[in-house]
Amino acid sequence: MNAPRVGGSFAVWGGLFSAFDCTMVYVRQKEDPWNSIIAGAATGGFLQMRQGLGASARSAAFGGVLLALIEGAGIMLNKFMSQQQQMPIVIEEPASVAGLPGLPPMGRAPGQPGSEPATSVSSNGAEASSGGWLGGWFGKSKEPEAKSSGSETKILESFDAPPVPSFEYNNK
């Protein structure tokens, strides 16, 4: 039953707040949290004018404090999220699991001294040397394996993400 009254009151508050906020941006020629704080105080004071100067001052102070808390929480959340994005993402390689064909023992790469060749049982029951961990499941690899003592570096395509926009306030 009170929904239209509450909705109307919220609409009036939102409209006045937006008007005061845009006015503060125009007057101060900068966009920062102070515009919202002042607009919250002005909105609270303006809506309580009919109850007198004391009620209007209390409501203005409450509106300013409320908007200061909201703006402060937004700034803290913004800083926390930007710190989270700057932290490097560390992806650890999974450890070798015993019983899975084609995986080298933990701490050794295939071909290093002390590592046994990975084998798997093919569909006819014979063991086959795998060319990779999928090779053990789907039969012997068609390509001959090159024996080398060193490692080979392959450059893969870049997985860089597009730049993330910053929502920090710029003071002019």
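Reader: By what stretch of helix are Trp13 and Phe17 in helix α1 separated?

Author: Trp13 and Phe17 are four residues apart in helix α1, so about one helical turn separates them. Please keep in mind throughout that this is a predicted model.

Reader: How many aromatic pairs does the count come to?

Author: The count comes to two aromatic pairs. One of them is formed by Trp13 and Phe17, and this pair is stacked, with 5.3 Å from centre to centre and 5° between the planes. As a general idea, a pair of aromatic rings is described by the distance of the centres and the angle of the planes. Planes under 30 degrees apart count as stacked, so the 5° of Trp13 and Phe17 places their pair in that class.

Reader: Is Trp13 buried, partly exposed or exposed? And which of these words applies to Phe17?

Author: The general idea is that buried means under 20% relative accessible area and exposed means over 50%, with partly exposed in between. Trp13 has a relative accessible area of 28%, so Trp13 is partly exposed. Phe17 stands at 15% relative accessibility and therefore counts as buried.

Reader: Is the pair of Phe20 and Phe46 edge-to-face or stacked?

Author: The ring centres of Phe20 and Phe46 lie 6.2 Å apart and their planes stand at 70°, so this pair is edge-to-face. Distant parts of the chain are linked by this pair, since Phe20 belongs to helix α1 and Phe46 to helix α2, 26 residues apart. Phe20 is partly exposed, with a relative accessible area of 26%. Phe46 also counts as partly exposed, at 42% relative accessibility.

Reader: Which residues make a nonpolar surface patch together with Phe46?

Author: Phe46 shares the patch with Val12, Leu47 and Met49, and the patch covers about 360 Å². Residues of a patch need over 30% relative accessible area. Val12 lies in helix α1, and its 45% relative accessibility means that Val12 counts as partly exposed. Phe46 also passes that cut-off, because its relative accessibility is 42%.

Reader: Which residues does Leu16 touch, if those up to four places away in sequence are not counted?

Author: Here one reads sequence and space together. Leu16 lies in helix α1 and touches Thr43, Phe46 and Leu47 under that rule. Leu16 and Leu47 are 31 residues apart in sequence, while their C-alpha atoms are 8.9 Å apart in space.

Reader: What distance separates the C-alpha atoms of Ala57 and Ala42?

Author: The C-alpha atoms of Ala57 and Ala42 are separated by 9.6 Å, and the two residues are 15 apart along the chain. Ala57 is placed in helix α3, residues 53-86. At 47% relative accessibility, Ala57 counts as partly exposed.

Reader: How many salt bridges does the structure hold, and which side chains meet there?

Author: The structure holds one salt bridge. In this bridge the side chains of Arg28 and Asp32 meet, at 2.7 Å from N to O. The same two side chains are also listed as making a polar contact, at 2.7 Å.

Reader: Where does Asp32 lie, and is Asp32 buried or exposed?

Author: Asp32 lies in the loop between α1 (3-28) and α2 (33-47). With a relative accessible area of 9%, Asp32 is buried. Its partner Arg28 counts as partly exposed, at 27% relative accessibility.

Reader: What value is phi of Gln29 near?

Author: The general idea is that most residues other than glycine have a negative phi. Phi of Gln29 is near 55°, a positive value in a residue other than glycine. Gln29 is found in the loop between α1 and α2. At 56% relative accessibility, Gln29 counts as exposed.

Reader: How many helices and strands does the protein have, and in what order do the elements run?

Author: The protein has four helices and two strands. From the N terminus on, the order is α-α-α-β-β-α.

Reader: What share of the residues in the protein is buried, and how much area does the protein expose?

Author: Of the 172 residues in the protein, 16% are buried. The protein exposes about 14,300 Å², of which 62% is supplied by carbon and sulfur atoms. Among the contacts with a separation of 6 or more, 40% are between residues 24 or more positions apart.

Methods
Residues numbered from 1 in each chain as written. Predicted model: local features only at pLDDT ≥ 70, side-chain atom pairs only at ≥ 80, totals over all residues. Heavy atoms only, no water. Buried < 20%, exposed > 50% of the residue type's maximum accessible area, 1.4 Å probe, protein only. Polar contact = N/O pair within 3.5 Å; in protein donor to acceptor, adjacent residues only side chain to side chain. Phe/Tyr/Trp six-rings, centres within 6.5 Å; stacked < 30°, edge-to-face > 60°. Patch = residues over 30% accessible without salt bridge, like charges linked within 9 Å, V, L, I, M, F, W, Y side chains within 5 Å. Areas by Shrake-Rupley, 256 points an atom, 1.4 Å probe, with all protein chains shown as cover. Salt bridge = Lys/Arg side-chain N within 4 Å of Asp/Glu carboxyl O. Contact = heavy atoms within 4.5 Å.
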